[in-house]
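Here is a short briefing to read alongside the model. Have the sequence and the viewer open, and take the topics in any order you like.

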Amino acid sequence: MRLFRHLVSWALALFLIVMFVQATIYPLPNPPEGSVKFFDPPGTNIVFQTLAERSGQTLFEPAGRILTGVLELVAALFLLFPFTRRFGAIISATILGAAVAFHLSPWLGREVPLSLAPGETATDGGMLFMLAIIMLVSSLLVLVVHPGRPE
């Protein structure tokens with residue numbers, strides 16, 4: 001049973017690490033415009049610019065985007081090592097809990113626009129919201145599944 005818990009813990013942690021790294025620095029070629037936290041020019045990140053416009057809080061873009069990206073990379077680093085994995089899962093669950101809360105608020109909404117262009121009405125159909133929920137559940141599962149120290 002302990003081996004199974006280790007394997008599930010590693011699988012969930014690796015999933016979260018890949019998703020956080022992909023969202024902050026996007027190692028794959030040709031990332032979609034406005035979706036990379038660290039490399040988007042100010043005012044072009046779709047999620048954080050939408051939050052800034054709808055809330056009237058200019059701190060969301062770029063300061064909120066950079067802070068979120070740094071916290072995601074810190075969580076990914078802690079998730080990588082088994083002895084800090086629970087702490088990484090707590091950071092991850094906090095970040096993702098806030099993401100779900102923003103998606104449920106009128107500032108962002110469950111469906112995120114695909115473009116910041118005026119008159120553009122296409123949305124992601126709730127895919128980013130669903131990903132945030134899946135990642136939140138994965139973070140919480142790491143807290144439950146990751147085995148503690150052997151007695």
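Which residues form a nonpolar patch on the surface, and how much accessible area do they have together? The patch is made of Trp10, Leu14, Leu77, Leu80, Phe81 and Phe83, with about 600 Å² of accessible area together. Please keep in mind that this is a predicted model. The points below start with that patch and then turn to the interior, the helices, the charged pairs and some local details.

**The surface patch**

- Two helices, H1 and H3, each give two or more residues to the nonpolar patch.
- Phe83, one of the patch residues, sits in the loop between H3 and H4.
- With a relative accessible area of 72%, Phe83 is exposed, since the cut-off for that label is over 50%.

**The nonpolar cores**

- The largest nonpolar core contains 20 residues, and those with the most contacts inside it are Leu16, Phe20, Leu79, Leu96, Met135 and Val142.
- Helices H1 (2–24), H3 (63–80), H4 (85–104) and H5 (127–145) are the elements that give two or more residues to this core.
- Another core lies apart from it and has eight residues, including Val47, Leu51, Ala52 and Phe60.
- Val142 is a good place to look at the packing: beyond its neighbours within four places in sequence, Val142 is in contact with Leu12, Ala13, Leu16, Leu79, Arg85 and Ala89.

**Helix H1**

- The 23 residues of H1 should span 33 Å at 1.5 Å a residue, and the end C-alpha atoms are 33 Å apart, so the two values agree.
- Buried residues in H1 are Ser9, Leu12, Ala13, Leu16, Ile17, Met19, Phe20, Ala23 and Thr24.
- The cover over these buried residues of H1 includes H3, H4 and H5.
- Val8 is also in H1, but this residue is partly exposed at 23% relative accessibility.
- Just after H1, Tyr26 has a positive phi of about 45 degrees.

**Helix H4**

- For the 20 residues of H4, 1.5 Å a residue gives an expected span of 28 Å, which agrees with the 28 Å between its end C-alpha atoms.
- The buried residues in H4 are Arg85, Gly88, Ala89, Ile91, Ser92, Ala93, Ile95, Leu96, Val100 and His103.
- These buried residues of H4 pack against H1, H3 and H5.

**Helix H5**

- Ser138 belongs to H5 and is buried, with a relative accessible area of 6%.
- Leaving aside neighbours within four places in sequence, Ser138 is in contact with Leu12, Phe15 and Leu16.
- Ile133 is in H5 too, yet Ile133 is partly exposed, with a relative accessible area of 29%.
- Along the chain, Ile133 and Val21 are 112 residues apart, and their C-alpha atoms are separated by 17 Å.

**Salt bridges**

- How many salt bridges does a search of the whole structure find? The search finds two.
- Side chains of opposite charge can pair when their charged atoms come close.
- One salt bridge joins Lys37 and Glu72, with the closest N and O atoms 3.3 Å apart.
- Lys37 lies in the loop between H1 and helix H2 (46–55) while Glu72 is in helix H3, so this pair ties together parts that are 35 residues apart in sequence.
- Lys37 and Glu72 are both buried.
- Glu61 and Arg65 form a salt bridge through their side chains, at 2.9 Å from N to O.
- Glu61 is buried, with a relative accessible area of 8%, and Arg65 counts as buried at 2% relative accessibility.

**Around Pro62**

- Glu61, which takes part in a salt bridge with Arg65, is also joined to Pro62 by a cis peptide bond, with omega about 5 degrees.
- Pro62 is located in the loop between H2 and H3.
- From C-alpha to C-alpha, Pro62 and Val8 are 35 Å apart in space, and they are 54 residues apart in sequence.

Note on methods
Residues are numbered from 1 along each chain as its sequence is written. This is a predicted model: local features need pLDDT of at least 70, side-chain atom pairs count only at pLDDT 80 or more; totals for chains, interfaces and linings use all residues. Side-chain values use heavy atoms; hydrogens and water are left out. A nonpolar core is a set of buried Ala, Val, Leu, Ile, Met, Phe, Trp, Tyr and Cys residues joined through side-chain atoms within 4.5 Å. Buried means under 20% relative accessible area, exposed over 50%, partly exposed in between (1.4 Å probe, protein chains only). Helices (H or I, at least four residues) and strands (E, at least two) are DSSP runs, numbered from the N terminus. Contact means heavy atoms within 4.5 Å. A salt bridge is a side-chain nitrogen of Lys or Arg within 4 Å of a carboxyl oxygen of Asp or Glu. Patches are made of residues with over 30% relative accessible area and no salt bridge: like charges are joined within 9 Å, nonpolar side chains (Val, Leu, Ile, Met, Phe, Trp, Tyr) within 5 Å. Accessible areas come from the Shrake-Rupley method with a 1.4 Å probe; for residues, only the protein chains shown count as cover. The expected span of a helix is 1.5 Å times one less than its number of residues.
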